[in-house]
Amino acid sequence: WALLADLHIAADRATAQRGIVMAAHLEQVVRELLALPRWPAGAILAGDLALNSGQAGDYVALRELLEPLRAAGLPVHLAPGNHDHRERLRAAFPEMAQGPQPVADRCVGFVASARANWFVLDSLDKTLVSPGRLGEAQLSWLAQMLDAHADKPALVVLHHNLDARNGAFALQDAPVLFALIRARPQVKACVFGHSHVWSVWQDPSGIQCINLPPVAYVFQKGDPAGWVHATLERGGMTLELRCVDHDHPAHGEIVRLLWRRG
């Protein structure tokens, strides 16, 4: 699986932020994915897909940049972030709105795979408002889906980081989410972005928390930008950090995770 976050694509592909041309970074990631000897089962993009306020042209450019993956038959799953606009995102990717929507006004998804089930959530509260929120309806849907698919490890993906103590930035209902997933031992990991920081840590309950690096630009000089190549295994998952700058000291870093019992 290819795990990406914080792409910040603009309608004008030449747009740069913090000295980085974001579209060029995504183009490189797409090339690298298709050059792998074995393609991932899919790509999951964990929010902040658009540059700033989720303009229609941003999503047109994003769809064009992702087209080589789609043309190769590689599934792409999208989760909104605080710099996205849900209706414009759906307009550019109408397949996201096909069929009955399990949670009104939210883009959620269930992705089954051989060794785990992915639950893709929508933590966008309001466009251009940094904190995120899942809300009661989405949390209820997640609980029902987790209970209905308890036969495999469950991996939860969303945009916002999970430290609710940082009220100006994080997922506001993170404590409720943690209570829900800690009580369900099939949940093994939670994947998110938003902070533009690459880190992996373990919740006291044993849930693995994976903070994805940004594809676009970093906030702190020296931090890596890139994506994560995740390989599901029996009893765990191996993460390989793929930096856009192959000379970065963290490029190729391997993190091996073991699933909690249950």
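Here a student asks how the terms used for this predicted model are justified, and an author replies.

Reader: Let's start with the whole chain. What makes it as compact as a globular protein of its length?

Author: First, the parts: the chain has 5 helices and 14 strands. Its radius of gyration is 17 Å, and the globule rule gives 18 Å for 262 residues; the two values are close, so the chain counts as being as compact as a globular protein of that length. If you like boxes, the C-alpha atoms fill one of roughly 45 × 40 × 40 Å along the principal axes.

Reader: Why are α1 and α2 called roughly parallel?

Author: Look at the angle. The axes of α1 (residues 22-35) and α2 (residues 56-71) cross at roughly 15 degrees and come within 9 Å. Angles under 35 degrees count as roughly parallel, so that is the label for α1 and α2. Their crossing is also right-handed.

Reader: How do you know which residues hold that contact, and what classes do they fall into?

Author: On the α1 side you have Ala 23, Leu 26, Glu 27, Val 30, Leu 33 and Leu 34, and they meet Leu 62, Leu 65, Leu 66, Pro 68 and Leu 69 in α2. Sorted by class, the contact has 10 nonpolar residues, no polar ones and 1 charged. Glu counts as charged, so Glu 27 in α1 is the one to look for.

Reader: And what makes α4 and α5 roughly parallel or antiparallel?

Author: Same test. Helix α4 (residues 136-148) and helix α5 (residues 174-182) pack at about 10 degrees, with axes 11 Å apart. With the limit for roughly parallel set at under 35 degrees, α4 is therefore roughly parallel to α5. In this contact, Leu 139, Leu 142, Ala 143 and Leu 146 of α4 meet Val 176, Leu 177, Leu 180 and Ile 181 of α5. By class that gives 8 nonpolar residues, with no polar and no charged ones.

Reader: On to the sheets. Why do β5 and β14 stand at the edges?

Author: Follow the order of this open sheet of 6 strands: β5-β4-β1-β12-β13-β14, with mixed pairing. β5 (76-79) and β14 (254-258) each have a single partner strand, so one side of each has no neighbour in the sheet. Neighbouring strands here are turned by 20 degrees against each other on average, direction ignored.

Reader: How do you know that β1 and β12 pair?

Author: Count the bridges. Pairing needs at least two, and β1 (residues 2-4) and β12 (residues 226-233) have 2 bridges, in the antiparallel sense. You can spot Leu 3 opposite Val 228 in β12.

Reader: What makes β6 and β10 edge strands in the other order, β6-β7-β8-β9-β11-β10?

Author: That order belongs to an open sheet of 6 strands with mixed pairing. Both β6 (109-112) and β10 (199-202) have a single partner strand, so each is left with one side lacking a neighbour in the sheet. The twist averages 20 degrees from one strand to the next.

Reader: In which sense do β8 and β9 pair, and over how many bridges?

Author: Strands β8 (residues 154-157) and β9 (residues 187-192) pair in the parallel sense over 4 bridges. There, Leu 155 stands opposite Ala 189 in β9. Helix α4 packs on this sheet too, touching β6, β7 (117-120), β8 and β9, and its direction makes about 170 degrees with that of β7.

Technical notes
Residues numbered from 1 in each chain as written. Predicted model: local features only at pLDDT ≥ 70, side-chain atom pairs only at ≥ 80, totals over all residues. Heavy atoms only, no water. Axes fitted to C-alpha atoms, helices over the stretch in contact; angles between N-to-C directions. Parallel < 35°, antiparallel > 145°, perpendicular 65-115°, else oblique. Left-handed = near helix turned anticlockwise from the far one by under 90°. Contact = heavy atoms within 4.5 Å. Rg over C-alpha atoms; globule rule 2.2 N^0.38 Å.
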